Amino acid sequence: MFRRFLSLLLVSLLVLPMMANGARAKQQLEALQNDDVRVLLIYSNENSAESVAVRKLDLLLHHFTKHVRLVADFALTEQMLKDATHVIYYGETERQLNKEVVSLMKGIKKPLIMVGENFEQFSSFNRRMGAILAVNQISQQDSATYFQSSPLLIKPIHVTEEMEVMLYGVKEEERVPLFVQYEDEYALTSSGVLEELVYYYIAEILHEILPNNHADEHLAYLRLEDIHPMSDPKKLKDVAAYLEERGIPYLLVVIPVYITPNTGERVYFADSPELVEVLRELQNKGGTVISHGYTHQYRDSETGEGFEFWDVVNDQFIIESNPNNSIETIRTIDQFPNEEEYRAYIEPLKKKERKYVKKRIKDSIHELASHELYPLAFEAPHYTMSQQGYEIVADYFTSIFGQIQLSDENWEQMSAPPYLSSAHLLRGMALYPETIGYVDGTVEGSMENQKRLNQVLIVRDSVIGGFYHPYLGVEPLPEFLSLYEKVPNLKWIDFKKHSNAVKTSRVQISTEKTGTIHIKNDIARWENIWNHSELSSLEKVLWGLTTIVLLFILLFLAFSFYLRTQVKKRLFKERDTIG
């Protein structure tokens, strides 16, 4: 009993500090969030449901506060408005609001931001009746630089002398008010928040409205992408050495298992000892390991090219762990007579996805940890994952990199805020956004990188996040890094020197400001041999039984030998006594 108590005490002493680190894991984001700011985001759309655009706004708001509440207009209450310090109304579709909502909105006596349609029903702003303009450029109030934008539809408002125009849409030589302020009311006269340029301007203007202490400073990171057991260790080491010479920390985005296309043959890190040695060395220097799934593929696609957490063929979440089996197309709610029947149908499918995602996430962490590689964050392969998938990932990680899939109906509906943030669907995970793309070796690709950089610099504290494939070698890297060098007030993120936490039932990893990685790892290397075997479950059971039988035989033989020696000793002892 005492030994058991002592064991529990020792485990607690090891785990509690890691849990404490986990509680501090979002410190870099929390330092930006104002605990006194409480934002209520009210939205109006056809389905009265959280749309892609609503989720994009949610991603912006979590940069300023963790207290963000989303509500459809019909569910708005007076208490919700009382609890908020700031209110945002997003009219995604044009509709007549009910009288109760209009009455509540008219009574708001706190900062009110209005975007898109319908706000003329309750605000100080009046629309120019019948006027809809398409603009293709946007300009800030005090800026002579116009950024090219795709056509954006604006429903202009009448601007009086008391109003301040913060943003203009530009059509040929005409400047049309796009974002207007009157006292504590702000109006964006277009619902096009999905347009990236508008999105970035909203992100910047929010700094003028929501109380914050954000510095004009650009955090930066560079991911070395898609490192797997077939990667070239020399090229990886050369790229890392080039970055270290320039004092640039980097992220090692690692896939622990490589699947050969067509044959399905698996290659593990155990088969690539030289690469593992290089990764450990880089982890001890300027590199931070990031989990990038388990195989980064599904069906017969190649690791690094395929999807892992999304069935891209059917454009749906994964409901079958074995892609060789028949896979049904998930039916939608409108194919059922009522919501209850739909729930009864969809829940077993979601249960299958939960099981699949949990296993893949845990297998990735455990496989890496077994080789003394300790991931501190997660990046979804091709940034694709369902809403439930993110909820599961948040059980294991406190930070995520890249972009976020915002729809469970269309994987291509993905986005990222320009700055460090979070969202309801991320369940508290801090998001480090990818904002400037990657090197593809083409002139067009370089121009796109530059364009994206120009846009993200609209925002005073945007993250400059990009990625690079080490198989390209060192040669293309300087041109890509030159983008970072153009950025004023750039600060590279050394991810190990921020509080992070990763945990499963058998592995706990955490970091603090010193850069020290704290580890509790119960994964033994011999387990990989067993886990990597291509035996079926039945064959593994039979081998287990065979092993047990062999052990009993060995014990029987040993015991028989022992008895035989005891008999001989007794015989000799009796002979000596008689003699």
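Where is aspartate 315 found? In this predicted model, aspartate 315 sits in the loop between E14 and H9. The backbone there deserves a look, as aspartate 315 has a positive phi of about 50° although it is not a glycine. For context, most residues other than glycine have a negative phi. With a relative accessibility of 24%, aspartate 315 counts as partly exposed. Tyrosine 383 also departs from that pattern, with a positive phi of about 60° although it is not a glycine. Tyrosine 383 is placed in the loop between E15 and H10. Its relative accessibility is 9%, and tyrosine 383 therefore counts as buried, the cut-off for buried being under 20%.

The loop that holds aspartate 315 also contributes to the aromatic contacts. A search of the whole structure returns 18 aromatic pairs. One of them joins phenylalanine 309 and phenylalanine 378 in an edge-to-face arrangement, with 6.2 Å from centre to centre and 70° between the planes. Phenylalanine 309 belongs to the loop between strand E14 (287-291) and helix H9 (339-370), while phenylalanine 378 belongs to strand E15 (residues 377-378), so the pair ties together parts that are 69 residues apart in sequence. What is the relative accessibility of phenylalanine 309? The value is 1%, and phenylalanine 309 counts as buried. Phenylalanine 378, at 0% relative accessibility, counts as buried too. Both rings belong to one aromatic cluster, which is formed by Tyr298, Phe309, Tyr356, Phe378 and Phe397.

Charged side chains supply another set of contacts. Side chains of opposite charge can pair when their charged atoms come close. The structure holds 23 salt bridges, and a few of them are described here. Glutamate 225 and arginine 223 form a salt bridge in which the closest N and O atoms are 2.9 Å apart. Are these two residues buried or exposed? Glutamate 225 and arginine 223 are both buried.

The salt bridge between lysine 285 and glutamate 281 has its closest N and O atoms 3.0 Å apart. Here the setting is partly exposed: lysine 285 has a relative accessible area of 45%, and glutamate 281 has one of 25% and is likewise partly exposed.

A further salt bridge brings together the side chains of glutamate 391 and arginine 427, at 3.4 Å from N to O. This pair links distant parts of the chain, 36 residues apart: glutamate 391 lies in helix H10 (residues 387-393), and arginine 427 lies in the loop between strand E18 (414-415) and strand E19 (430-433). Glutamate 391 is partly exposed, with a relative accessible area of 38%. Arginine 427 is partly exposed as well, at 49%. Salt bridges also form a network, in which Glu94, Glu117 and Lys155 are linked.

The loop between E18 and E19 is also the place of histidine 424. Histidine 424 is partly exposed, with a relative accessible area of 33%. How many residues separate histidine 424 from glutamine 387 in sequence? They are 37 residues apart in sequence and 9.9 Å apart in space, taken from C-alpha to C-alpha. Glutamine 387 falls within the residue range of helix H10 (residues 387-393), the helix that carries glutamate 391.

Attention now turns to the surface. Which residues form a negative surface patch? Glu161, Glu162, Glu183 and Asp184 do so. Of these, aspartate 184 is placed in the loop between strand E8 (174-182) and strand E9 (185-188). Aspartate 184 has a relative accessibility of 42% and so counts as partly exposed.

A nonpolar surface patch of about 700 Å² is made by Val549, Leu550, Leu551, Ile553, Leu554, Phe556 and Leu557. One of its members, leucine 557, has its place in helix H14 (residues 537-578). Leucine 557 is partly exposed, with a relative accessible area of 48%.

Notes:
Residues numbered from 1 in each chain as written. Predicted model: local features only at pLDDT ≥ 70, side-chain atom pairs only at ≥ 80, totals over all residues. Heavy atoms only, no water. Patch = residues over 30% accessible without salt bridge, like charges linked within 9 Å, V, L, I, M, F, W, Y side chains within 5 Å. Areas by Shrake-Rupley, 256 points an atom, 1.4 Å probe, with all protein chains shown as cover. Salt bridge = Lys/Arg side-chain N within 4 Å of Asp/Glu carboxyl O. Lys, Arg positive; Asp, Glu negative; His and termini not counted. Charge placed at Lys NZ, Arg CZ, Asp CG, Glu CD. Helix = DSSP H or I, 4+ residues; strand = E, 2+ residues; numbered from the N terminus. Buried < 20%, exposed > 50% of the residue type's maximum accessible area, 1.4 Å probe, protein only. Phe/Tyr/Trp six-rings, centres within 6.5 Å; stacked < 30°, edge-to-face > 60°.
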